[in-house]
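User: Could you walk me through how a few labels on this model were arrived at? I'd like to see the reasoning behind each one.

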Amino acid sequence: MKVTYIGHSGFLTESESCCCLFDYYQGEIPSLPGDKPLYIFVSHRHQDHFNPEIFQITSPKEIHYILSQDTRRYMRDRLSLPNLHFMKAEESLSLTAAGSGKPLSVKTFHSTDCGVAFLVETDGKKIYHAGDLNWWVWPGESKQYNHNMTANFQRYTEPLKGMELFAAFLPLDPRQGEWYDKGFSYMMENTFIRYAFPMHFWKDYSIIRKYLSTPQGQKYKEQIMLLEKEGQVIHCPENKEDK
């Protein structure tokens, strides 16, 4: 699998049978192979996760749009688009592109902020994109708020516990101060992630190195991808020895 970091929470994955574009916001979308179906995912309506420019992509022969239900109000002039799917939390969807004949399945989870998180399975690999499902605790918030957030985050991610994920895209947000890594670390501890991609770090690439320098980050240094620039391409082979 090839993964391109586009920017913020936006990634493009290319596997044997298809491409998946997640939460495009800004940056340059790489050239897309015309012979593979493209699945475009939008986790929620916030402008740093949803850019209408995704509807101007025309190069692949077949495009499917999988959007969180909360984006529907902004789609009134596009509801007639073919292959348009809206999903609420705790729903499942199975798609088979005409070109590849290979299925792609999607499951959604509640978010602790807005919209959904996606679990995608294609070519025998599970890909998880958190959207804004994160442990959003803040030093300046009340104890009650942070307690409720903690309970919700752990409840919403419960179905992922013990799961083997080939690639996972997880927030690592410096705005949370000393708690910037709580959600990221929890996911690393409670799932088996082969390739973990930090996201939602607001162009502060130093936060990734900061985390990797901590005892917690050191435990997962072989799994965490060090992102350094927009447009960075990372090849994710089945066996890391082949990298």
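Analyst: Happy to! A residue is called buried when its relative accessible area is under 20%. Please keep in mind that this is a predicted model.

User: Thanks! Why is C18 called buried?

Analyst: C18 has a relative accessibility of 2%, and the label applies under 20%, so C18 counts as buried.

User: And what makes C20 buried?

Analyst: The reasoning follows that cut-off again. C20 has a relative accessible area of 0%, therefore C20 is buried.

User: How do you know that C18 is in no disulfide?

Analyst: A disulfide needs two cysteine sulfur atoms within 2.5 Å. For C18, the nearest cysteine sulfur belongs to C20 and lies 4.3 Å away. C20 is likewise in no disulfide, with the sulfur of C18 as its nearest at 4.3 Å. The structure as a whole holds zero disulfides.

User: What makes β6 and β13 edge strands?

Analyst: Each of them, β6 (84-87) and β13 (233-235), pairs on one side only. They belong to an open sheet of seven strands with mixed pairing, ordered β6-β5-β4-β3-β2-β1-β13. From one strand to the next, the twist averages 15 degrees.

User: How do you know that β4 and β5 pair?

Analyst: Two strands pair if there are at least two bridges between them. Strand β4 (residues 38-42) and strand β5 (residues 63-68) have five bridges, in the parallel sense. Within β4 and β5, I40 stands opposite Y65.

User: Which residues of helix α2 are buried, and what covers them?

Analyst: In α2 (residues 182-190), the buried residues are G183, F184, S185, Y186, M187 and M188. Their cover includes β10 (125-129), α1 (143-156) and β11 (164-171), along with β12 (192-199), α3 (206-212) and α4 (215-218).

Notes: Residues are numbered from 1 along each chain as its sequence is written. This is a predicted model: local features need pLDDT of at least 70, side-chain atom pairs count only at pLDDT 80 or more; totals for chains, interfaces and linings use all residues. Side-chain values use heavy atoms; hydrogens and water are left out. Buried means under 20% relative accessible area, exposed over 50%, partly exposed in between (1.4 Å probe, protein chains only). Helices (H or I, at least four residues) and strands (E, at least two) are DSSP runs, numbered from the N terminus. Contact means heavy atoms within 4.5 Å. Axes are lines fitted to C-alpha atoms, for helices over the stretch in contact, and angles run from 0 to 180 degrees between N-to-C directions.
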